[in-house]
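Got the model open in front of you? Let's walk through it together, one question at a time.

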Amino acid sequence: VSLKELMQQESGANGTAIAEFILLGLVEAPGLQPVAFVLFLFAYLVTVGGNLSILAAILVEPKLHTPMYFFLGNLSVLDVGCISVTVPSVLSRLLSYKRVVPYGACLTQLFFFHLFVGVDCFLLTAMAYDRFLAICRPLTYSTRMSQTVQRMLVAASWVCAFSNALTHTVAMSTLNFCGPNVIHHFYCDLPQLFQLSCSSTQINKLLLFAVGFLMAGTPMALIVISYIHVAVAVLRIRSAEGRKKAFSTCCSHLTVVAIFYGSGIFNYMRLGSTKLSDKDKVVGIFNTVINPMLNPIIYSLRNPDVQSALWRMLVGRQALA
């Protein structure tokens, strides 16, 4: 059955003229596809290995059984999930040279991508709140950041992110696709699908900005407010060593926040652009590959506690062998 016939069948079935999309991927030249495969596979293995190593270190090292590392462990799980939504499918298409993606699979990828990114967004906010309590409210820290509070923050993050992802997926499913079905990207996301819709996407874009303000704007504002208080508190510390130690616990988190929000804002604030360019693919790589891969590197390089825990795990395994 040809793609054209499938499109005609699907048109009468559920009001959607297009049954499949064609993802062009990162590179169109066949000669560059093996290079892209090796790079993406390397990034995937590094990301999964790095994040699972940090998660294992947090689980086995008693010294890391604190709220900050509880959130970091959850962040590691999310990073594995986020990159697994996009990269394995990219690798399979590079191997098979098939670029066709079913309509349902495209929406499924859209849902899970926004689910993991949404939880990521709220977890980064919870980590900023944790640093605020630890530095600005040390006397009440243990009660305000109890295990119950930690679990509630993580659960609330999942609920809010699920609602956001479901909202965008349902809204996208109401659009009709009857014209071009070529996506100039390597995964399905809102800006690319908006470009292909035959229906008006005005409501969808307004929904994206409105929900995006709640999902990203509010957490970002809370992070900024938290770190303003942290900066004021740290500057009041008289010893240079004390200030350095307090700031060092925040630098890794601030670096991750800057990369996460920087790439995200650039990606979704350009919806008015009439033509999607290669810049969008680069930003897509940051969102789906670079961010999850950098997180374990940033936290391990700048954190002696994580480094020592990873080293003890490695030495312990070698001793057992």
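Q: Where does UniProt place the feature "transmembrane region"?
A: Keep in mind that this is a predicted model. The labels here come from an unreviewed UniProt entry, and such annotations may be inferred rather than shown by experiment. The record puts the feature at residues 35-60, 69-91, 111-129, 149-167, 206-235 and 247-269.

Q: How far apart are the end C-alpha atoms of residues 35-60?
A: Look at what this span is made of: 100% helix and 0% strand. Residues 149-167 are also 100% helix, with end C-alpha atoms 27 Å apart. For residues 35-60, the ends lie 37 Å apart.

Q: What should the 28 residues of H2 span, and how far apart are its end C-alpha atoms?
A: Use 1.5 Å a residue, counting one less than the number of residues. For the 28 residues of H2 that gives 40 Å, which agrees with the model, because the end C-alpha atoms are also 40 Å apart. So the expected span is 40 Å and the distance in the model is 40 Å.

Q: Which residues of H2 are buried?
A: Buried here means under 20% relative accessible area. An α-helix has 3.6 residues a turn, so residues three or four places apart point the same way. With that in mind, run your eye along the buried residues of H2: Gln33, Ala36, Phe37, Phe40, Ala43, Tyr44, Thr47, Val48, Asn51, Ile54, Ala57 and Ile58.

Q: Which residues have the most contacts inside the largest nonpolar core?
A: This core has 63 residues. H2, H3, H4, H6, H8, H9, H10 and H11 each supply at least two of them. The residues with the most contacts inside the core are Leu72 and Leu124.

Q: Which residues does Leu72 touch, not counting those up to four places away in sequence?
A: Leu72 is one of the two residues named for the most contacts inside the largest core. Leave out its sequence neighbours, up to four places away, and you're left with Ile54, Ile58, Met127 and Tyr299.

Q: How many residues are in the second, separate core?
A: Apart from the largest core, there is another one to find. Phe21, Leu107, Phe177 and Leu208 are among its members. Its size is 18 residues.

Q: In which order do the 3 strands of the open sheet lie?
A: Start with E1 (residues 20-23), which pairs with E2 (residues 100-102) in the antiparallel sense over 3 bridges. E1 is also joined to E3 (residues 182-183) by 2 bridges, this time running parallel. E2 and E3 each pair on one side only, which puts them at the edges. The order is E2-E1-E3.

Q: What is the bridge partner of Ile22 in E3?
A: Phe21 stands opposite Val101 in E2. Turning to E3, Leu23 has Ile183 as its bridge partner. For Ile22, the partner in E3 is Val182.

Q: Which side chain meets Glu61 in a salt bridge?
A: Side chains of opposite charge can pair when their charged atoms come close. Glu61 sits in the loop between H2 and H3, and its partner is in H11, 251 residues apart. Glu61 is buried at 14%, and the N to O distance is 2.9 Å. The partner is Arg312.

Q: Is Arg131 buried or exposed?
A: Arg131 forms a salt bridge with Asp130, with the closest N and O atoms 2.9 Å apart. Asp130 has a relative accessible area of 1%. Arg131 is at 10%, and the cut-off is under 20%, so Arg131 counts as buried.

Conventions:
Residues are numbered from 1 along each chain as its sequence is written. This is a predicted model: local features need pLDDT of at least 70, side-chain atom pairs count only at pLDDT 80 or more; totals for chains, interfaces and linings use all residues. Side-chain values use heavy atoms; hydrogens and water are left out. A salt bridge is a side-chain nitrogen of Lys or Arg within 4 Å of a carboxyl oxygen of Asp or Glu. Helices (H or I, at least four residues) and strands (E, at least two) are DSSP runs, numbered from the N terminus. Buried means under 20% relative accessible area, exposed over 50%, partly exposed in between (1.4 Å probe, protein chains only). A nonpolar core is a set of buried Ala, Val, Leu, Ile, Met, Phe, Trp, Tyr and Cys residues joined through side-chain atoms within 4.5 Å. Contact means heavy atoms within 4.5 Å. Two strands pair if DSSP finds at least two bridges between them.
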